[in-house]
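Subject: Structure handover

Hello,

Here is the structure I said I would pass on. My notes on it follow below the view.

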Amino acid sequence: MSTDQTGQPDQPTPDPEETNMDTETSTDQGQNAALTPADFDADAGELLLNEVREALARYVILPDEHSATGVVLWIAATHAVPAWAHAARLVIRAPEKRCGKSRLLDVTEAMCHDPLLTVNASPSAVYRSIAMKQKNPPTILLDEADTVFGPKAGENEDLRGLLNAGHQRNRPAHRYNAQGGYVEKLDTFAMAALAGIGAMPDTIEDRAVVIRMRRRAPGESVAPYRVRRDGPALDSLRQRLNQWVGAHLDHLGTAMPDMPVEDRAADTWEPLIAIADLAGGPWPDLAREACVTLTETRDANAQTTLQTRLLTDCRAAFGESEALPTAVLLERLKADIEAPWATYQNNGLTAMKLGFLLRDFDIRSDTIRFDTGQAKGYQRAAFADAWARYCATPATCVVCRQPMAHDDGTHTHPMCAPEVNR
């Protein structure tokens, strides 16, 4: 490390670009501060959100009205990042190409706050982009995210960690600056949208509003989007949306909306529902309906861990039994042709492997007296706590009223189906 004439270490030189960005942010906030809620009509927010919805519908066919509501509110929420404790992610995924995911990201870019659109960003580039505007960070838009997180790209834990940590305020990253000889604290908090083919990592989707795009059906059509032609009108809408949201930052920062979901889903949706409550009209009801529906759809399609799948399958295997011999439990688990247990680790699930998988849930086998004599087995009571904590409430057959291991949508056991048709 170099020293000055007094023998003291040189202090890190401020990044001139960061200084400029801070000045720019302060200026923007000053412009918003000049506007107050009194400068807007009571229905201004409702009408602005309606305009955003209409703009989306002009260029993109979303899968349903709940998805449209989620995207509209997410775009509006990007203009109020200083007010939020959590920065929701927007995941735009599709099973195949040509489903409109990139077009949706383009239109979102045109209306969100300070967009930073990239196809393949290094973690350091994203860190720096957020740090340069940490008072009011840019909106990170990552297209072709499957190339970053997909199976052919390998693991990208640094970028995944950044996107996970940036969901919550005050979760900085620390990096050593070898040239300056000091440790840098880099903010990670920013709104982020990711578009790609297939599912994103579950740790990201768990923090996201997930939009499942699909290819247009015959007869469905949208207007082509051209930045030079259509961009100015959307940019004008962006500015008006920013002015309205900016005038209400104090209100949004203290808002505590009634949430229809809990835990991380509530953290993700709270900013969106706060925007909807502020806008009024039909938006508060639309927001809560979208929150519940999209969260349930995301959870239903989430890839469960192997251990959670085992817990769920054990619950089905137990049925009404209070205890099962280990051999019987294994037999029932491996009898399910759709489950992975018959071929687990090539030779199938064994008593030792079963015990290892259940160990983290504090579930252990015991010597139990059965009608056939003593044998190693599992008590139903040993599973009760883990089932309540980690497994969804099982569907119940509408005919026999017994739990169902898998529900195909008919809410009926296959053996009970003839009863329904009588």
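**Arg89 and its surroundings**

The side chain of Arg89 reaches the backbone oxygen of Ala87 at 3.1 Å. A second backbone oxygen, that of Leu163, is reached by the Arg89 side chain at 2.9 Å. Please keep in mind that this is a predicted model, and that every distance here is computed from it.

Arg89 sits in strand E1. Is this arginine buried or exposed? Its relative accessibility is 2%, so Arg89 counts as buried, the cut-off being under 20%. Leaving out residues up to four places away in sequence, Arg89 touches Trp74, Leu162, Leu163, Gly166, His167, Ala190, Met191, Ala192, Arg207, Ala208 and Val209. Leu163 is thus one of the residues touched by Arg89 and also supplies a backbone oxygen to the Arg89 side chain. There is also a C-alpha pair to note: Arg89 and Thr268 are 179 residues apart along the chain, and their C-alpha atoms are separated by 7.6 Å.

**Strand pairings**

Strand E1 covers residues 89-94 and pairs with E7 in the parallel sense, over five bridges. Within this pairing, Val91 has Val210 of E7 as its bridge partner. How many of the five residues of E7 are buried? Four are, so strand E7 (residues 208-212) is largely enclosed by the rest of the structure.

Another parallel pair is made by strand E2 (residues 115-118) and strand E3 (residues 139-142), with four bridges. Leu117 stands opposite Leu141 of E3. Between these two strands the chain passes through helix H5 (residues 123-131), and the resulting β-α-β crossover is right-handed.

Strands E4 (residues 173-177) and E5 (residues 182-186) run antiparallel and are joined by five bridges. Asn177 has Tyr182 in E5 as its bridge partner. E4 and E5 form a hairpin with four residues between them, and Gly181 in the turn has a positive phi of about 75°.

**Thr78**

Thr78 lies in the loop that links helix H3 (65-77) to E1. With 0% relative accessibility, Thr78 counts as buried. Its side chain reaches the backbone nitrogen of His113 at 3.0 Å. Apart from neighbours within four places in sequence, Thr78 is in contact with Cys112, His113, Thr139 and Met191. Met191 also appears among the residues that Arg89 touches.

**Backbone angles in two loops**

Most residues other than glycine have a negative phi. Which residues here have a positive value instead? Arg98, which is not a glycine, has a positive phi of about 60°, and Asn346, also a residue other than glycine, has a phi near 75°.

Arg98 lies in the loop between E1 and helix H4 (101-111). At 63% relative accessibility, Arg98 counts as exposed. Asn346 is found in the loop between helix H14 (326-335) and helix H15 (351-359). Its relative accessibility is 74%, and Asn346 therefore counts as exposed, the cut-off being over 50%.

**A helix residue further along**

Ala316 belongs to helix H13 (residues 306-318). At 39% relative accessibility, Ala316 counts as partly exposed. The C-alpha atoms of Ala316 and Arg332 are separated by 9.0 Å, with the two residues 16 apart along the chain.

**The chain as a whole**

The chain has 17 helices and 10 strands. Of its 422 residues, 42% count as buried. The accessible surface comes to about 22,600 Å², and carbon and sulfur atoms account for 49% of that. If contacts between residues at least 6 apart in sequence are considered, 70% join residues at least 24 apart.

**Confidence**

The mean pLDDT of the chain is 85, and 85% of the residues reach 70 or more. Where does pLDDT stay under 50? It does so over residues 1-32, for which the model has 29 contacts beyond four places in sequence.

Regards

Notes. Residues numbered from 1 in each chain as written. Predicted model: local features only at pLDDT ≥ 70, side-chain atom pairs only at ≥ 80, totals over all residues. Heavy atoms only, no water. Pairing = 2+ DSSP bridges. Right-handed = clockwise from strand over helix to strand, strands pointing away. Buried < 20%, exposed > 50% of the residue type's maximum accessible area, 1.4 Å probe, protein only. Contact = heavy atoms within 4.5 Å. Areas by Shrake-Rupley, 256 points an atom, 1.4 Å probe, with all protein chains shown as cover. Polar contact = N/O pair within 3.5 Å; in protein donor to acceptor, adjacent residues only side chain to side chain. pLDDT = per-residue confidence, 0-100.
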